[in-house]
Amino acid sequence: MFQALLCVAIIGISWVVADDARTWTSTDGRSLSATYLSSSTDSVELKRASDGQTFSLPLAKLSEADRKWVGDRASQPPPPGKPIEGAYASMMTGEWAMSEESGLPFALFGGKELDGEKLYPLVVSLHGRSKNNENGKQLTVFTRSFADPDRYAKNPCIVFAPLAYQPYGGEGIGWSSEPGEKALALIEKLIEELPIDEKRVYVVGHSMGGFGTCHFMVQDPKLFTAGVASSGCTGPSSADVLKKEPLWIHHAVDDPVVEVKYSQDLAEAMSRSKVFKYTEYETGGHGIARAVFESDEVHDWLFSQSD
C-alpha cells in the first residue's frame, strides 16, 4: 500500500461522487484498492476498500494513467441527487435558515446540493454565555467555520445552532437547563427527518458552549460521536463517561474568564483515555475559539470520528 496515506489540505475540491472501488497505482508501482470520492487541483480523496478509511493523496504520487482518470472524472458534470423531503427540507438552501420549535430558536445550515439518498454528519454548535435573545446572532465565527465553502466542499454536513434564550443564556446555564433539554430533543427530530448519519453526530462549543459540549456528551453518550470544546468543560466527575468518547478540549493558560485549571483537572482525570485530546495555549485569553476552529487539523480530526 502507499506509504503516503496522509491528509492534506484540499483547495477547490470538485463535486463529490462515490464509485465502485478501483485499483490505484503509485508512481513506484505499488497498488491500492479504493473508491474515488473527490479531487482538487493537486490531490484526490479516496475511501480504502479494505477498512473504509477516508484519506487524501497527492496526485503527484499517482501513476500517469490514474492522474488522467481523475482529470476526466473531475471534468464531468455532477449527477443530480435525490431532493431532500419532509420536515426541515426547506431549510437546506445553502444559506443559514432560522426557525423556532417548542420555544427554542435555532439556525440550520445545509447545502442545497445535498442528496436525499446519502447520509451526512450533523454538527451541533453551542455558543457561549450571552444576553442575546435574537435568533441568528448566535452564529459565531466558529459556528460559521463549518459552512465555509472550501471546508464544506470537503466535509458536507448539516449544522444545527440552537440559541440559549433568556434568562438562561445570560446566566451561563443555557445548555444544562431548559434550552439544552429542548436542543437535545430537537436533535433527535432532525436525525429522524433529515439524511443524517447517526454514526457521525458531533457537538462543538466555546465557553458556556464548551461546558455544554461535555454536558451533552455525558447526558447522552450514545447520541454523540465526538466533541470539541474550547475555554470551558465539565469537571473531573464526568471523566468516567467522557473517557470513552472522542473529545478534544482546548484552553489558554491566561484565560481570565474560565480558569484553565478546570480543563487541566479534567485532562488529568482523563489521562488514561485513548480517545481524549487536550491542547493548552500559553496565550489567547478567553478568545481562542477562532484559532481552534480555523484549524484544519481540528476539522479533519472531528470529521474522521465515526461510531
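## Overall size and make-up

A compact globule of 307 residues would have a radius of gyration near 19 Å. This protein has 20 Å, which agrees. The model is a predicted one. Along the principal axes, the C-alpha atoms fill a box of roughly 60 × 45 × 30 Å.

Ten helices and twelve strands make up the secondary structure count of the protein. Of the 307 residues, 51% are buried. The protein exposes about 14300 Å². Carbon and sulfur atoms supply 49% of that exposed area. Contacts also reach along the chain: among those with a separation of 6 or more, 66% link residues 24 or more positions apart.

## The four-stranded sheet

Strands 1 to 4 form an open sheet in the order 1-2-3-4. The pairing is antiparallel. Strand 1 and strand 4 (54-58) are the edge strands, each pairing on one side only. Neighbouring strands of the sheet are turned by 60° against each other on average, with direction ignored.

In general, strands of a sheet pair through backbone hydrogen bonds, either parallel or antiparallel. Here, strand 3 and strand 4 run antiparallel and are joined by five bridges. E45 stands opposite S56 of strand 4.

## Helix 1 on the sheet

Helix 1 lies across strand 1, strand 2 and strand 3. Its direction is at about 125° to strand 1.

Helix 1 spans residues 64-74, and D66, V70 and R73 are buried in it. Seen down the helix axis, the buried residues fall within an arc of 65°, so they line one face of helix 1. What covers these buried residues? The cover includes strand 1 (22-25), strand 2 (31-39) and strand 3 (43-48).

## The outward face of helix 1

Which residues of helix 1 are exposed on the face turned away from its buried side? That face carries E64, A65 and K68. Exposed here means over 50% relative accessible area, while buried means under 20%.

The two faces can be read together. D66, V70 and R73 are buried, whereas E64, A65 and K68 are exposed on the face turned away from the buried side. Strands 1, 2 and 3 are part of what covers the buried residues, and helix 1 lies across those strands. Strand 4 is an edge strand of the sheet, and strand 3 is its antiparallel partner through five bridges.

How values were computed:
Residues are numbered from 1 along each chain as its sequence is written. This is a predicted model: local features need pLDDT of at least 70, side-chain atom pairs count only at pLDDT 80 or more; totals for chains, interfaces and linings use all residues. Side-chain values use heavy atoms; hydrogens and water are left out. Buried means under 20% relative accessible area, exposed over 50%, partly exposed in between (1.4 Å probe, protein chains only). Helices (H or I, at least four residues) and strands (E, at least two) are DSSP runs, numbered from the N terminus. The arc is that of the directions from the helix axis to the C-beta atoms. Contact means heavy atoms within 4.5 Å. Two strands pair if DSSP finds at least two bridges between them. Axes are lines fitted to C-alpha atoms, for helices over the stretch in contact, and angles run from 0 to 180 degrees between N-to-C directions. The radius of gyration is taken over C-alpha atoms; the globule rule is 2.2 Å times the number of residues to the power 0.38. Accessible areas come from the Shrake-Rupley method with a 1.4 Å probe; for residues, only the protein chains shown count as cover.
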